[in-house]
Amino acid sequence: MGNDDRIYCYEALSLIEDALADGYRSRAPVPEFADQAEPAPAPEAAPVPARVPLDDSLAAVAAEAARCMACRLGAGRKRSVPGQGPARPLVMVIGEGPGSEEDKTGLPFVGPAGQLLDKMLSSIGLSRDESCFIGNIVKCRPPLNRDPAPDEQAACRPFLDRQLALLRPRAILAVGRIPAQSLLGVKDGIGRLRGRVYDFGGLPLVATYHPSALLRDEGLKRPAWEDLKLLRSLLDGLGA
Ligand code: URA
């Protein structure tokens, strides 16, 4: 069987799977929100690839990330942090990159910020065990927890795109300035980017503050709660 035939078969199987799952996996349009003050800017980031090679898997992404030396972060890692969560999540939560605890354990968001992230998700009926896959823009720890550089983000992007294509979440929650800027291809601060729904290659995306920022500044909890309610209402609108 040629490659085109294999892709054709895969797409046909995927459609059947969608139909059997009562549309659970199909991408519904982003609902309109009456209280959106202004239209969301069009994202400049490349859309998520619609096709997954037949032989790709989350395990393959994790194995490749573990030996990746595509950028300088590879040389400093103890463990890569490919992400964690169910294979068919409702939401992919995307953070910035691993910190020191994550670098030791290979798991995302395990420190105090992770505990707060779990509480934030739980407040809208989501969890990393059942409904959210937690990933990051870069899979290896930036030294001294500095921001991942643009070339490091770009080098790691194919892993994220493959994960999105495999996971096929119904929505994305970008936590923090770096994931919001990186995914939307803009330079605005998170204070400007939060509070609305973006169309990310056909997927609704909500950006909010990073839980570490909420630990530093209690005053950010209120707007973050508004963002979480926005995510919840868009999931409800999608019937998810
Ligand atoms: N902060 C992040 O952005 N990601 C993690 O995995 C942990 C902390």
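Which residues touch the most other members of the largest nonpolar core? In this predicted model, they are Ala171, Leu173 and Ala174. The core they belong to counts 50 residues. Helix 6, spanning residues 150–167, gives the most to this core, with 6 residues. A general tendency fits here: in soluble globular proteins, nonpolar side chains tend to be buried together.

Take Leu173 as a way in. Leaving aside residues up to four places away in sequence, Leu173 touches Val91, Val93, Val206, Thr208 and Leu231. Leu173 and its companions Ala171 and Ala174 stand out in the core, so the strands around them come next.

Now step back to the whole. The protein has 10 helices and 5 strands. Of its 240 residues, 39% are buried. Consider the contacts in the protein with a separation of 6 or more: residues 24 or more positions apart account for 76% of them.

The sheet comes next. Its 5 strands form an open sheet, in the order 2-1-3-5-4, with mixed pairing. Strand 2 (132–136) and strand 4 are the edge strands, and each pairs on one side only. Neighbouring strands are turned by 30° against each other on average, direction ignored. In general, strands of a sheet pair through backbone hydrogen bonds, either parallel or antiparallel. Strand 4 and strand 5 run antiparallel, and 4 bridges join them. One pair can be picked out: Val197 has Val206 in strand 5 as its bridge partner. Val206 has already appeared, as one of the residues that Leu173 touches.

Which strands does helix 7 lie across? They are strand 1, strand 3, strand 4 and strand 5. Helix 7 runs at about 130° to strand 3. This helix covers residues 177–184 and is mostly covered, with 8 of its 8 residues buried. The buried residues are Arg177, Ile178, Pro179, Ala180, Gln181, Ser182, Leu183 and Leu184. They pack against strand 1 (91–95), strand 3 (171–175), strand 4 (197–200) and strand 5 (203–208), and also against helix 6 and helix 8 (190–193). Just after helix 7 comes Gly185, which takes a positive phi of about 65°.

Positive phi values turn up elsewhere too. Most residues other than glycine have a negative phi. Leu144 departs from that, with a phi near 55°. Asn145 also has a positive phi, near 55°. Where do Leu144 and Asn145 sit? Leu144 is in the loop between strand 2 and helix 6, and Asn145 is in the loop between strand 2 and helix 6 as well. Is Leu144 buried or exposed? Leu144 is exposed, because it has 6 other C-beta atoms within 10 Å, and the cut-off for exposed is 12 or fewer. Asn145 has 13 C-beta neighbours inside 10 Å, so it counts as partly exposed.

The ligand is the last stop. The residues around it are Val81, Gly95, Glu96, Gly97, Pro98, Gly99, Glu102, Pro108, Phe109, Ala113, Asn136 and Gly176. By class, this shell has 5 nonpolar, 5 polar and 2 charged residues.

Notes: Residues are numbered from 1 along each chain as its sequence is written. This is a predicted model: local features need pLDDT of at least 70, side-chain atom pairs count only at pLDDT 80 or more; totals for chains, interfaces and linings use all residues. A nonpolar core is a set of buried Ala, Val, Leu, Ile, Met, Phe, Trp, Tyr and Cys residues joined through C-beta atoms within 7 Å. A residue is buried if 20 or more other C-beta atoms lie within 10 Å of its own, exposed if 12 or fewer, and partly exposed in between; C-beta atoms are placed from the backbone. Helices (H or I, at least four residues) and strands (E, at least two) are DSSP runs, numbered from the N terminus. Two residues are in contact if their C-beta atoms, placed from the backbone, lie within 7 Å. A residue is near a molecule or strand if its C-beta atom, placed from the backbone, lies within 6 Å of it. Ala, Val, Leu, Ile, Met, Phe, Trp, Tyr, Cys and Pro count as nonpolar, Asp, Glu, Lys and Arg as charged, and the others, Gly among them, as polar. Two strands pair if DSSP finds at least two bridges between them. Axes are lines fitted to C-alpha atoms, for helices over the stretch in contact, and angles run from 0 to 180 degrees between N-to-C directions.
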